[in-house]
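Here are some friendly notes to read with the model open beside you. Take the points one at a time, and find each residue on the screen as you go.

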Amino acid sequence: PIFFVAYSMSQIKKFFSLLLFYFTVIHTNSANELFVCTSMNQDNNTTDNWLLNNDNNTIEKSNAYSDDTLGGFKITKSDNKSLIWEKVTSKNRNTYVLDKNTMRQSITLLSISEDGKMTLDKRFFATCQSIKSSSVK
């Protein structure tokens, strides 16, 4: 189609993935907030959609550019200033911190060795937008 000529392939993918995720979220009754976060990493700009579920105190991730099925992340802290969630396995610990005032997210990815020693794999930041409960049903 001609209207795509002015847009990059990544912009087109982001638009359609957000559109698909938006229509998926409309039918989800238990969630009440959606965060759309775009990383500020120069090497890899990605957009993640985070669906907050207050019923079971989890947040679910959907990556716009992959078929990543990470499931629910456990929320470890939620107050007026921040929202913190993480996923811990025997080999990895991924921690996400969202500053609710600035809507900036910091992401820390750690690997865990067999002897329990943690090593920093990656740390990066993202800017986020929120779709409140009145829009997400």
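**Notes on the model**

1. Let us begin with an empty space inside. The largest cavity is lined by Cys-37, Thr-38, Ser-39, Thr-46, Asp-48, Gln-105, Ile-107, Phe-124 and Ala-126. Strand 1 (31-39), strand 7 (104-112) and strand 8 (118-131) are the elements that each give two or more residues to this lining. Strand 1 has the largest share, with three residues. By character, the lining splits into four nonpolar residues, four polar ones and one charged.

2. Please keep in mind that this is a predicted model. How much space lies in the largest cavity? It holds about 40 Å³. Searching the whole structure turns up one cavity of 30 Å³ or more. If you wonder how such a space is found, rolling a probe the size of a water molecule over the atoms shows where empty space is left.

3. Now step back to the whole chain. It has one helix and eight strands, and their order along the sequence is α-β-β-β-β-β-β-β-β. The chain has 137 residues, and 34% of them count as buried. Its accessible surface comes to about 8,800 Å², with 53% of that belonging to carbon and sulfur atoms. Of the contacts between residues at least 6 apart in sequence, 29% join residues at least 24 apart.

4. Next comes the largest nonpolar core, which has 17 residues. Which of them touch the most other members? They are Phe-35, Trp-50, Ile-59, Leu-83, Trp-85, Tyr-96 and Leu-98. The elements giving two or more residues to this core are strand 1, strand 2 (47-53), strand 4 (72-78), strand 5 (82-88), strand 6 (92-99), strand 7 and strand 8. Strand 8 gives the largest share of this core, three residues.

5. Leu-98 deserves a closer look. Leaving out residues up to four places away in sequence, Leu-98 touches Phe-35, Lys-81, Ser-82, Leu-83, Trp-85, Met-103, Arg-104, Gln-105 and Cys-128. Among these partners, Phe-35, Leu-83 and Trp-85 also appear in the list of core residues that touch the most other members, while Gln-105 appears in the cavity lining.

6. Met-103, one of the partners of Leu-98, sits in the loop between strand 6 and strand 7. Is Met-103 buried or exposed? Its relative accessible area is 17%, under the 20% cut-off, so Met-103 counts as buried. Met-103 also has a positive phi of about 60°, although it is not a glycine. For background, most residues other than glycine have a negative phi.

7. Arg-104 lies in strand 7. With a relative accessible area of 39%, Arg-104 is partly exposed, because that value falls between the 20% and 50% limits. Beyond residues up to four places away in sequence, Arg-104 touches Met-40, Val-97, Leu-98, Asp-99, Phe-125 and Ala-126. Arg-104 and Ser-39 are 65 residues apart in sequence, yet their C-alpha atoms are 9.5 Å apart in space.

8. Finally, find Thr-58 in strand 3 (residues 58-63). Why does Thr-58 count as buried? Its relative accessibility is 15%, and buried means under 20%, so Thr-58 meets the cut-off. Not counting residues up to four places away in sequence, Thr-58 touches Leu-51, Leu-52, Asn-53, Phe-73 and Ile-75.

Terms used:
Residues are numbered from 1 along each chain as its sequence is written. This is a predicted model: local features need pLDDT of at least 70, side-chain atom pairs count only at pLDDT 80 or more; totals for chains, interfaces and linings use all residues. Side-chain values use heavy atoms; hydrogens and water are left out. Helices (H or I, at least four residues) and strands (E, at least two) are DSSP runs, numbered from the N terminus. Buried means under 20% relative accessible area, exposed over 50%, partly exposed in between (1.4 Å probe, protein chains only). Contact means heavy atoms within 4.5 Å. On a 1 Å grid over the protein atoms alone, a cavity is a set of points where a 1.4 Å probe fits but cannot get out, and a pocket is an open set with protein on both sides within 12 Å along at least five of seven lines; lining residues have an atom within 4 Å of a point. Grid points are joined across faces, edges and corners, and a volume is the space filled by probe spheres set on the points. Ala, Val, Leu, Ile, Met, Phe, Trp, Tyr, Cys and Pro count as nonpolar, Asp, Glu, Lys and Arg as charged, and the others, Gly among them, as polar. A nonpolar core is a set of buried Ala, Val, Leu, Ile, Met, Phe, Trp, Tyr and Cys residues joined through side-chain atoms within 4.5 Å. Accessible areas come from the Shrake-Rupley method with a 1.4 Å probe; for residues, only the protein chains shown count as cover.
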